[in-house]
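Student: Could you take a close look at one strand of this model and the loop that leads into it, and then follow the charged contacts outward from there? Please spell out the cut-offs as you go.

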Amino acid sequence: MILAETAVLFTEETIQKRVGELARQISSDYAGVEDLLLVGVLRGSYIFLADLSRRLTVPRTVDFIALAAYGGTTMATGAVRLIMDLRADIAGKHVLIVEDIIDTGYTLDYLLSLLRPRRPASLKTCSFLRKPARLKKDVPIDYLGFDIPDAWVVGYGLDYKDKFRALPYIGIIKINAE
Ligand code: IMP
Ligand code: MG
């Protein structure tokens, strides 16, 4: 059992307000676009993607891609592997990558280099969180929820060892014992 304490960083209310702001911005930027494809990066982004996609006012479809870092975290080597590819052919489509958090940036950097050669009409990125202090790759983020300090956060889809994803708030976790 994981014994842990979480200190609230963003309440449910703060999260929902920010998601609404991002959705309004994205809906306005993609006004008139008929083929916006949201690409959710599994697994961490599934709750953010669900909330964001329901608040968009432009036509959109959803697809998923699953990536993992070798050894559990990209910190060790920066190497990322593809677990499950998209179903959709993205050629000619407007693609918006939806991520939970940018830590080192290696995952998003890999994803951009994987999707760019497939010739989407446009390729933009949205991440709910980013840890600026930890960035190793200068990845472009077109829509960002919040910058956060260098700490491990859980909730709102984010996990620690696959737990805590369902918390309605985002908290900084402190592990006491396992
Ligand atoms: P990056 O390749 O280092 O940018 O790592 C990004 C991925 O690591 C994210 O998509 C998350 O799955 C995971 N990650 C990084 N930091 C955290 C955190 O604080 N909580 C939960 N997952 C995290
Ligand atoms: Mg992720």
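**A strand and its charged surroundings**

Tutor: Strand β1 (residues 3-10) and β9 pair in the antiparallel sense over seven bridges, where two strands count as paired if DSSP finds at least two bridges between them, and where helices (H or I, at least four residues) and strands (E, at least two) are DSSP runs numbered from the N terminus. This is a predicted model, in which local features need pLDDT of at least 70 and side-chain atom pairs count only at pLDDT 80 or more, while totals for chains, interfaces and linings use all residues. Residues are numbered from 1 along each chain as its sequence is written, chains are lettered from A and ligands numbered from 1 in the order in which they are written, and side-chain values use heavy atoms, with hydrogens and water left out.

Within the pairing of β1 with β9, T6 stands opposite I173. Strand β9 also runs antiparallel to β8, to which two bridges join it, and there V154 faces G171 of β9.

The loop between β8 (153-154) and β9 (170-177) holds D162, whose side chain meets that of R43 in a salt bridge at 3.3 Å, N to O; a salt bridge here is a side-chain nitrogen of Lys or Arg within 4 Å of a carboxyl oxygen of Asp or Glu. Because R43 sits in the loop between β2 (36-42) and α2 (46-55), this pair ties together parts that are 119 residues apart in sequence. D162 is partly exposed at 41% relative accessible area (buried means under 20%, exposed over 50%, partly exposed in between, with a 1.4 Å probe and protein chains only). The contact belongs to a network of salt bridges that links R43, D159, D162 and R165.

On the other side of β8, the loop between β7 and β8 carries D150, and the side chains of D150 and R134 meet in a salt bridge of 3.9 Å, N to O. That pair links distant parts of the chain, with R134 in the loop between β6 and β7 (143-147), 16 residues apart from D150. R134 is buried, at 17% relative accessible area.

Farther along this survey, D85 forms a salt bridge with R118, the closest N and O atoms being 2.9 Å apart. Since D85 lies in the loop between β4 (80-84) and β5 (94-102) and R118 in the loop between α3 (106-115) and β6 (122-130), the pair ties together parts 33 residues apart in sequence. D85 is partly exposed at 32% relative accessibility, and R118 is partly exposed at 26%. Over the whole structure, the search finds 11 salt bridges.
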